[in-house]
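Visitor: Please take me through one part of this model at close range. Then show me what lies around it.

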Amino acid sequence: MQLFKGKAQIVAANTIGIDGQKEITASHIVIATGSLPAELPFLKRDGQKVVSSDELLKLESIPENMLVVGAGAVGLEWALIYNYLGSKVTVVEIMETIIPGTDQEIAHILKNELIKQNITIHTATAIRNPRIGEKVGLDFKQEDKEWHEDFSKVLLAVAASLTARDCSRKASNSVSMQRDSFRFQKTCRPRCLRFLPAAT
Ligand SMILES: Cc1cc2nc3c(=O)[nH]c(=O)nc-3n(C[C@H](O)[C@H](O)[C@H](O)COP(=O)(O)OP(=O)(O)OC[C@H]3O[C@@H](n4cnc5c(N)ncnc54)[C@H](O)[C@@H]3O)c2cc1C
């Protein structure tokens, strides 16, 4: 096995360019470029007050309070960690239950356990209108109830987006990028089946 270090781009049907310097060819190409933390249209990461789990690993102090947006596996994992470290943690989830899509009974038991550990959880709740100053102010809406809260940190744990962007150069006749997805030319589809996107 040979290992090349650099940014890969598909430059032709069977060719990968590495940092625009070296090219290698292969009969089959597996795309396994992973994902990046997703953002909300109205709330973007600034790496300081609005962060992803990547930035939480680098914090040098424990925030006084933290809002975790998204009660999926990653959000709840970090909610527990920062709760143990001493932050006052609030979790907001837009769906009816935490860990949406999993067994309702398990989600209910887990929610009660998290509440027992002093984590505040708002399900079926939307956030909006962020105001970023010394703290991050947000408006909450849960059915007819509306309120406002300020947080030292906001963790965006709202899933991940593809990192396929920039993996292919437009110059290739057979494959190009459309937003973060690969687009194959119809006429070359059989040939392009040689690209095997990894399951995510
Ligand atoms: C906080 C957190 C906790 C998690 N906990 C768990 C857990 O407990 N259990 C679990 O199963 N999963 C967990 N996951 C998910 C898990 O990390 C991912 O599912 C897994 O890493 C995906 O592997 P991957 O190989 O597809 O992508 P990655 O691990 O992201 O690897 C992709 C690699 O491709 C490289 N790359 C990208 N673009 C290019 C390019 N153009 N050229 C060359 N290289 C490139 C990247 O630098 C990276 O090294 C967690 C994720 C997070 C964020």
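**A helix and its surroundings**

Guide: Helix 3 has 13 residues and reaches 18 Å from its first C-alpha to its last. That is close to the 18 Å expected at 1.5 Å a residue (the expected span is 1.5 Å times one less than the number of residues). Helices (H or I, at least four residues) and strands (E, at least two) are DSSP runs, numbered from the N terminus. This is a predicted model: local features need pLDDT (the predictor's confidence in each residue, from 0 to 100) of at least 70, side-chain atom pairs count only at pLDDT 80 or more, and totals for chains, interfaces and linings use all residues. Residues are numbered from 1 along each chain as its sequence is written.

Look at both ends of the helix. Asn118 follows helix 3, and its phi is positive, near 75°. On the other side, the loop between strand 8 and helix 3 (104-116) holds Ile99. Ile99 is not a glycine, yet its phi is positive, about 30°. Ile99 has 18 other C-beta atoms within 10 Å, so it counts as partly exposed (20 or more such neighbours make a residue buried, 12 or fewer exposed, anything in between partly exposed, with C-beta atoms placed from the backbone).

Strand 8 (88-92) leads on to the core, since it supplies at least two residues there. The largest nonpolar core has 26 residues (a set of buried Ala, Val, Leu, Ile, Met, Phe, Trp, Tyr and Cys residues joined through C-beta atoms within 7 Å). Leu67, Val68, Val69, Ala79, Val91, Val154 and Leu155 have the most contacts inside it. Strand 6 (50-51), strand 7 (65-69), helix 2 (73-85), strand 11 (136-142) and strand 13 (153-156) are also among the elements that each supply at least two residues. Helix 2 gives the most, with five residues. Nonpolar side chains tend to be buried together in soluble globular proteins.

Take Val68. Leaving out residues up to four places away in sequence, Val68 touches Gly75, Trp78, Ala79, Val89, Val91, Leu155 and Ala157 (contact means C-beta atoms, placed from the backbone, within 7 Å).

Strand 11 also belongs to an open sheet of three strands, in the order 10-11-12, with antiparallel pairing (strands pair if DSSP finds at least two bridges between them). Strand 10 and strand 12 (145-151) stand at the edges with a single partner strand each, so one side of each has no neighbour in the sheet. Strand 11 runs antiparallel to strand 12, and seven bridges join them. In this pair, Leu138 stands opposite Glu149 of strand 12. Strand 10 (residues 126-132) contains Asn129. Asn129 also has a positive phi, about 55°, without being a glycine. It counts as exposed, because it has 12 C-beta neighbours inside 10 Å.

Now the N-terminal end. Strand 1 (residues 8-12) and strand 2 (residues 15-18) pair in the antiparallel sense over four bridges. A hairpin connects them through two residues. Ala12 stands opposite Thr15 in strand 2.

Step back to the chain. It has four helices and 17 strands. Of its 200 residues, 20% count as buried. Of contacts with a separation of 6 or more, 51% join residues 24 or more positions apart.

Last, confidence. The chain's mean pLDDT is 87, and 80% of its residues reach 70 or more. Over residues 187-197 the pLDDT is below 50, and this stretch has 20 contacts beyond near neighbours in sequence. Where pLDDT is low, predicted coordinates should not be read in detail.

Key. Contact = placed C-beta atoms within 7 Å.
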